[in-house]
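Subject: Structure for you to look at

Hello,

I am passing on a structure for you to read through. My notes come after it.

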Amino acid sequence: MSSTAPEMGGRRDASFEREPARRVFASELRECRYQFKDGEDEKSPTFVLLPTGERSNRIFISGTLTEKSRQGEQNVFYRGRVIDPTGTFFVMAGSYQPEAMQQLAKIETPAFVSVTGKPNLYQKPDGSYLVSVRVESITVVEKETRDLWVLDTAARTLDRLDALATGTSPDITKAKEQYPMLDPAVYRKNVFDALAQIKM
Amino acid sequence: MDYSEATERISRKYAKTGHEIDRQKIEGKLRRLVEEFGVQPAEAERSVTNELNKEFNITPAGVPGTPGPAGGATSEKKIADARPGDWVTIEGKVVSLSAPASPAIAQSGILADESGAIRFVVWAKSNAPKMDEGAWYRLDSAVVDEYKNIPNLKVHSGTTITAIDRTDPLIPAPCAIKDLHPGIGSVRAKVVQEWDTTHDRMLQSGLIGDETGTVKFIIWKEQGKEKLAVGAVYSIFYAQADEFNERLSLNITGAAIMQEEGDIATVTGGDTEVRGALVHIAPGSGIIKRCPVPGCNRALSRQNYCPIHEIQPRFEYDLRIKGWLDDGEKTHNILLKRDVVEPLTGMTLDQAKEIAENNPLGMDEVFLQMRDRVLGRYVVCKGREIENRLLVNTCEKMHFESGEHAKLLNRAGGAS
């Protein structure tokens, strides 16, 4: 899953540390333009850099699965759209994630779902970018879970925005470099709007 | 080829420790190894040295590749300063004697002075006089080596033991659990958990803790050994801290144990609370079968196979959930036992048994149903973190709090 890259410093000294699943709204994930690998090894983890200045190898989302479709002839895979208060996550599960694929195949849309997965950045032929989430697991959940996720993601996003204002971590510096149009006020407003949409 | 140089080196080395060796015999052995068996000369010298070490019950001093005992001469040392590879002269009190693990060992136990304590072994071949528990001795020319990362004092035939006239009491200073390191240590700690024993010879195992941390403890079955009471506080003098997989465990079989008045109120590592989402439920969760052999309790494989006791058709069922709880910053490896799984999933052991025995998917069906009920949910887990895994005592689903919602709305809107 992930490897031991010496340049990671203390984080990987222990036998194995699983990459945490970041909480991010669709509107922010959609803006990702920079993906990098940490370390030289073939199995080194790949991260997308969130515009708010945090690396993410895995994300946890909760929202409404509105569509799913089966695609491919020989290599069957499933695509789906998961909607949060700020936009759409594109999720997919293929034959390399048989369990996730079966879970996704079984779900009747629409449904509230929780998804753990790995974000990947693609550039389309027209030059635009697409962030797709490769599903590790997907489960049907209650509306309350979705609401809790919005609170959690709002809090985490605000934490990142606070750190962005004062912090000097390499990821924050990198984010300012990679996302020159970054306006923290826009992300803050997205958080407010997301919160305003639930339990009203 | 000339073997006299190597022979000279070897004989000088043993002369220092008071052993006379037959040069001709050594030279003959070297010659035979090199000429008859095609061994490299350096390797032959090493091999002969090892053979002599065995003969004299000397453990090779220093790290491999550094010839001879480190520093050469024997020096008078405090126990705390004795390092593996040292030849030492030490004055100490025999604070504990334990049953020798092998007929090659005449006596083993723990020797202490004001500075610290060390395990010692007296080889049967050394013909050393028996030492008494509680008495002081001077040990001339003993050697310190290392066994499983723990310094060990060896009494061999070159060591002289003299009883000395000291009666002053030694009061070991307990150290904080977080400061324990491989070797002999004393702690004042509270028994916080008792675990199922995993071995026939084990009397008790569990967890003890103080204000600074927790550590696993073990008592092996030996005459006169008694179990500790959960919740009680003990002073444990001269316990042996072993290291395995970078984790310490405290073997207190040979330790002096005294129950103490009073309590240690805040044992840390006691209640870790983690809030987050269950992002993964691992295989091996759901209903499992356990080995029925008393004291074993291991999870059986699908073929009812126990790694120790082989096929066990009369297994017992149990429930558990293994997985990852993720708070967005860190992922915690969690283990939920049956009494936590039942209320969380709303499935009792009896219901799970019913499904496992009657559903075509069997035990897998229980796994899938439990997974669908808890995966992707927000929970609060409280428990004890041991070896990077949270052993969960309570796990409850989180609920939406409008107060939290209002606070976040303020926080998000406040800056704009």
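The notes below go through the sheets, the nonpolar cores and the aromatic rings.

Please keep in mind that this is a predicted model.

**Sheets in chain A**

Start with the open sheet of chain A, where 3 strands follow the order β1-β2-β3 with antiparallel pairing. Strands β1 (35-37) and β3 (54-56) of chain A are at the edges; each has a single partner strand, so one side of each has no neighbour in the sheet. On average, and ignoring direction, neighbouring strands here are turned by 40° against each other. Between strand β2 (residues 46-50) and β3 of chain A there are 3 bridges, in the antiparallel sense. One bridge partner to look up is A:Glu54 in β3(A), which belongs to A:Leu50. Helix α4 (residues 170-178) of chain A packs on this sheet and touches β2 and β3 of chain A. The direction of helix α4 makes about 70° with that of β2(A).

Chain A also has a barrel, closed by 5 strands in the order β4-β5-β6-β8-β7, and its pairing is mixed. Neighbouring strands of the barrel are turned by 50° against each other on average, direction ignored. Strands β4(A) and β7(A) (residues 111-123) run antiparallel and are joined by 7 bridges. Within β7(A), A:Val113 stands opposite A:Gly63. Helix α2 (residues 98-106) of chain A packs on the barrel sheet, touching β4, β5 (77-84), β6 (87-93) and β8 (129-140) of chain A. The angle between the direction of helix α2 and that of β8(A) is about 80°.

**Nonpolar cores**

In soluble globular proteins, nonpolar side chains tend to be buried together. The largest nonpolar core here has 61 residues, and the members that touch the most others are A:Leu29, A:Phe89, A:Trp149 and A:Leu195. Helix α3 (residues 143-166) of chain A contributes the most to this core, namely 9 residues.

Which residues does A:Leu195 touch, leaving out those up to four places away in sequence? In chain A they are A:Val150, A:Leu151 and A:Ala154. In chain B they are B:His405, B:Leu408, B:Leu409 and B:Ala412. A second core, separate from the largest one, has 28 residues, including B:Ile321, B:Val341, B:Cys381 and B:Cys395.

**Aromatic rings**

Over all chains, 6 aromatic pairs were counted. In one of them, the ring centres of A:Phe60 and B:Tyr378 are 5.8 Å apart and the planes stand at 75°, so the pair is edge-to-face. A:Phe60 lies in strand β4 (residues 59-71) of chain A and B:Tyr378 in strand β20 (residues 378-386) of chain B, so this pair joins two chains. Are these two rings buried or exposed? A:Phe60 has 0% relative accessibility and counts as buried. B:Tyr378, at 3%, counts as buried too.

Another pair is B:Phe315 with B:Tyr317: the centres are 5.3 Å apart and the planes at 75°, so this pair is edge-to-face. B:Phe315 is partly exposed, at 23% relative accessible area, while B:Tyr317 counts as buried at 19%. The cut-off for buried is under 20%.

A:Phe25, A:Phe89 and A:Trp149 make up one aromatic cluster. A:Phe89 and A:Trp149 were also named above for the largest core.

Two arginines sit over rings. A:Arg55 lies over the face of A:Phe47, 5.0 Å from the ring centre. B:Arg166 has its charged end over the ring of B:Trp136, at 3.7 Å from the centre.

Regards

Key
Residues are numbered from 1 along each chain as its sequence is written. Chains are lettered from A and ligands numbered from 1 in the order in which they are written. Side-chain values use heavy atoms; hydrogens and water are left out. Rings of Phe, Tyr and Trp (its six-membered ring) pair if their centres lie within 6.5 Å; planes under 30 degrees apart count as stacked, over 60 as edge-to-face and the rest as tilted. Helices (H or I, at least four residues) and strands (E, at least two) are DSSP runs, numbered from the N terminus. Buried means under 20% relative accessible area, exposed over 50%, partly exposed in between (1.4 Å probe, protein chains only). A charge sits over a ring if NZ of Lys or CZ of Arg is within 6 Å of the ring centre and within 35 degrees of the ring normal. A nonpolar core is a set of buried Ala, Val, Leu, Ile, Met, Phe, Trp, Tyr and Cys residues joined through side-chain atoms within 4.5 Å. Contact means heavy atoms within 4.5 Å. Two strands pair if DSSP finds at least two bridges between them. Axes are lines fitted to C-alpha atoms, for helices over the stretch in contact, and angles run from 0 to 180 degrees between N-to-C directions.
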